[in-house]
Amino acid sequence: KMTQQMRDLQLAQARKPPGPSSPNAAKRLYRNLSGKFRVNYTSFDEGSLVGRGEKEKLRKSYLFQSNAALFEAVELQDLDRVQELLKQYSPEELDLNTPNSEGLLPLDIAIMTNNAPIARALLQAGAKESPHFVSLESRSLHLSTLVREAEQRVNELMAQVVNEAPNADCSEKEKQLKAWEWRYRLYKRMKAGFEHARVPDAPTNVHLSVASSSSVQVTFWEPLSVNSAVVTKYKVEWSCSPTFSPLLGEAVIDKLKNLHFTIRGLVSGTAYYVQVSAYNMKGWGPPQASVPPFAIPSNWREYDGRAPRRRGQAEALDHLLGQVKTVHQHCVCHEPCKNQPQSRKHSVSKSLKHLFHPGSKFLKTLKRGLYLTAIFYKDDNILVTHEDQIPVVEIDDTYSCLLMQDFLWFTKVSCMWDEILWLRQCVTVSQSSCSCILQTRFKMLLAISQMQGLLGIQDLGQVFFEPVKDKQGNILIVTLKEVKTNQTFESVRWVPICKLQTGRKSVSSPEEPTALDTLLISLQDKLAYHQRSSHALSPGLYLGYLKLCSAVDQIRVLVPEQLPNILCHVKIRSNPNISREEWEWLQKMASMEEPVPAEPEAETSQNHLFQELQGAIKELMTLVNIPLREAKDFRLYSQEVLDFGGQVSFLLLLPPSDDVCTAPGQNNPYTPRSGFLTLPLQIFELGEEW
């Protein structure tokens with residue numbers, strides 16, 4: 001009776017044909033799906049459709065077939081087909097959580113046949129259990145009814161097949177009999193799976209950590225034994241009492257891609273106890289208390305009441321720039337191109353099509369001087385002039401060597417591409433001093449304006465960390481910018497990089513290539529550097545290694561090639577927060593003249609951090625090719641935790657004080673393995689935030 005009522009309620013939402021399908025029918029359906037049904041319905045010729053209504057009917061037909069195919073795949077325990085359908089269609093298109101005519105969902109069938117791989121795939125796609133199974137008794141009764149009705153139907157069809165003479169109707173009844181026999185066996189297997197299952201064991205590795213001054217985070221793993229039934233959700237409970245009475249709150253986690261939960265809105269300085277339990281179709285298993293057993297929301301800054309280092313800095317710099325502009329308002333010239341050489345006058349284009357105008361002042365060859373080149377790329381294509389040349393403009397034809405200070409000044413200007421006109425106007429007034437430095441920098445600003453005007457683009461991108469030089473006395477400052485939009489430009493040519501490299505006729509010898517030839521040869525490396533330098537770290541706490549080396553005119557910092565905007569590092573943990581207790585323990589360790597390698601008390605956050613740091617230091621020492629025996633002379637920077645945006649934080653590992661910065665001519669006894677480079681410190685500081 002209950003089953004009949006459920007069928008009546010679900011009749012309007014039924015997604016399956018009224019009659020049962022056989023395995024052969026399911027396989028035929030898969031073959032159909034692998035062919036015509038796998039084609040996106042929007043790809044059909046619209047001329048063959050009468051109108052939008054028929055297109056919608058066709059779409060619903062495909063989705064109906066995909067829903068039926070998913071049920072068949074789960075019933076046949078075909079994991080590959082289930083994964084294929086989940087990848088091809090969205091949960092909404094599959095009607096993933098709409099019961100079929102038997103009142104079952106795909107996840108119900110998977111867990112009651114104890115097919116863990118399919119159940120996990122469905123859970124990760126957002127599948128739910130049927131809401132009709134409100135108790136163990138209702139689920140048991142429903143399964144018993146399905147088995148009984150299937151058995152009854154098998155007996156009826158068997159009697160009809162035996163008693164009727166062979167004919168077309170008899171052949172059809174034999175097919176129905178086979179289908180019902182198969183379904184009868186499926187329901188019996190589901191019923192046996194339900195009866196055999198028990199509640200799951202407790203989750204394992206339940207770890208509690210402090211996420212902020214008002215939150216804690218709990219992470220956990222699956223139970224060692226699920227007792228013949230897949231876990232479909234977890235429950236996190238918290239309290240201020242170790243007995244969990246009274247209970248302050250609980251949360252049910254049914255999205256199982258990541259087994260963690262952050263409890264927010266807590267009171268700083270209060271201890272909170274947390275436990276986690278798992279659920280399967282037999283109910284909730286026993287809870288597992290966390291390790292450590294409690295956590296106190298806090299942050300390392302509470303140790304001495306320190307304010308964030310960068311608080312208000314951006315606003316202060318904006319205010320300072322505004323003041324500078326106000327002071328220099330009298331410098332504004334109404335003829336910005338007054339001091340521009342006559343040969344450089346040009347009509348400023350507002351689009352990239354001017355790039356290909358015959359009157360463009362881009363250079364094709366270099367004649368011993370300082371030049372600016374802009375690399376714009378999209379996928380494997382690069383933007384070139386109408387003569388298939390990389391855009392190059394002259395900065396100074398009498399400049400034979402680029403001083404590092406001028407180059408570093410240029411990199412700072414790259415942070416103000418929109419302010420070039422204003423900078424030019426101010427520097428122009430200052431030219432009366434006849435300073436060589438000012439003359440060179442004014443010419444740099446002039447070249448930037450010329451490049452911006454010819455390209456019709458203000459933002460020239462990021463400056464490559466070192467100029468390209470040749471033995472003929474040419475110096476190229478290179479900017480790089482990736483074009484990510486799908487915007488199309490009139491008359492613009494994007495040339496494949498490989499075609500540009502192979503098609504260029506070199507005018508230099510392989511032994512002494514020109515700066516342009518060197519740029520083309522190393523173009524992929526420079527593009528790879530540019531892409532990697534914009535990558536961001538995943539949230540977490542990291543251990544960074546600070547190693548500097550000095551030259552006559554600059555200091556350079558060691559960075560990994562894969563992430564050149566970040567110090568050499570390893571990840572300590574996914575939680576970026578350092579609690580007050582952890583920071584207090586680090587301060588005590590740093591203040592000891594001879595640190596004693598004694599572990600903190602067991603089952604404390606300090607002990608967990610101690611173990612994490614040990615592993616991270618070993619990994620970092622191996623990464624930068626430093627023997628572990630030398631680690632005893634290294635130090636943790638204990639003045640602060642470097643915080644970047646609240647999601648990424650760093651602890652710094654420093655070499656002995658005499659080895660933090662390698663002086664000119666001094667040999668570094670431990671050379672890092674391949675995969676590292678050294679950047680000028682100012683270039684590194686201009687990199688994007690970690």
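Here is a short chat about some cysteines and two polar residues in a predicted model.

Colleague: Hi! How many disulfides does the structure hold?
Modeller: Zero, going by this predicted model.

Colleague: Okay, what about Cys 661, where is the nearest cysteine sulfur?
Modeller: That sulfur belongs to Cys 549 and is 6.9 Å away. A disulfide needs the two sulfur atoms within 2.5 Å, so Cys 661 is in no disulfide.

Colleague: And is Cys 568 buried or exposed?
Modeller: Cys 568 is buried, with a relative accessible area of 1%. Cys 661, on the other hand, counts as partly exposed, at 27% relative accessibility.

Colleague: Thanks! Switching topic: where does Gln 275 lie?
Modeller: Gln 275 is part of strand S6, which covers residues 272–280. With 12% relative accessibility, Gln 275 counts as buried.

Colleague: Which side chain does Gln 275 join in a polar contact?
Modeller: That of Glu 237, at 2.7 Å. Beyond its neighbours within four places in sequence, Gln 275 is also in contact with several other residues, including Phe 244, Pro 287 and Ala 289.

Colleague: Nice. And what is the place of Thr 232?
Modeller: Thr 232 sits in the loop between strand S2 (215–221) and strand S3 (233–239).

Colleague: Is that loop residue, Thr 232, buried or exposed?
Modeller: Thr 232 counts as buried, at 5% relative accessibility. Why buried? Because the cut-off is under 20% relative accessible area.

Colleague: Which residues does Thr 232 touch?
Modeller: Leaving out residues up to four places away in sequence, among them are Leu 107, Ile 111, Asp 254 and Tyr 279. Glu 129 is also touched, and the side chains of Thr 232 and Glu 129 make a polar contact of 2.9 Å.

Technical notes. Residues are numbered from 1 along each chain as its sequence is written. This is a predicted model: local features need pLDDT of at least 70, side-chain atom pairs count only at pLDDT 80 or more; totals for chains, interfaces and linings use all residues. Side-chain values use heavy atoms; hydrogens and water are left out. Buried means under 20% relative accessible area, exposed over 50%, partly exposed in between (1.4 Å probe, protein chains only). Helices (H or I, at least four residues) and strands (E, at least two) are DSSP runs, numbered from the N terminus. A polar contact is a pair of N or O atoms within 3.5 Å; within protein, one must be able to donate a hydrogen and the other to accept it, and residues adjacent in sequence count only if both atoms are side-chain atoms. Contact means heavy atoms within 4.5 Å.
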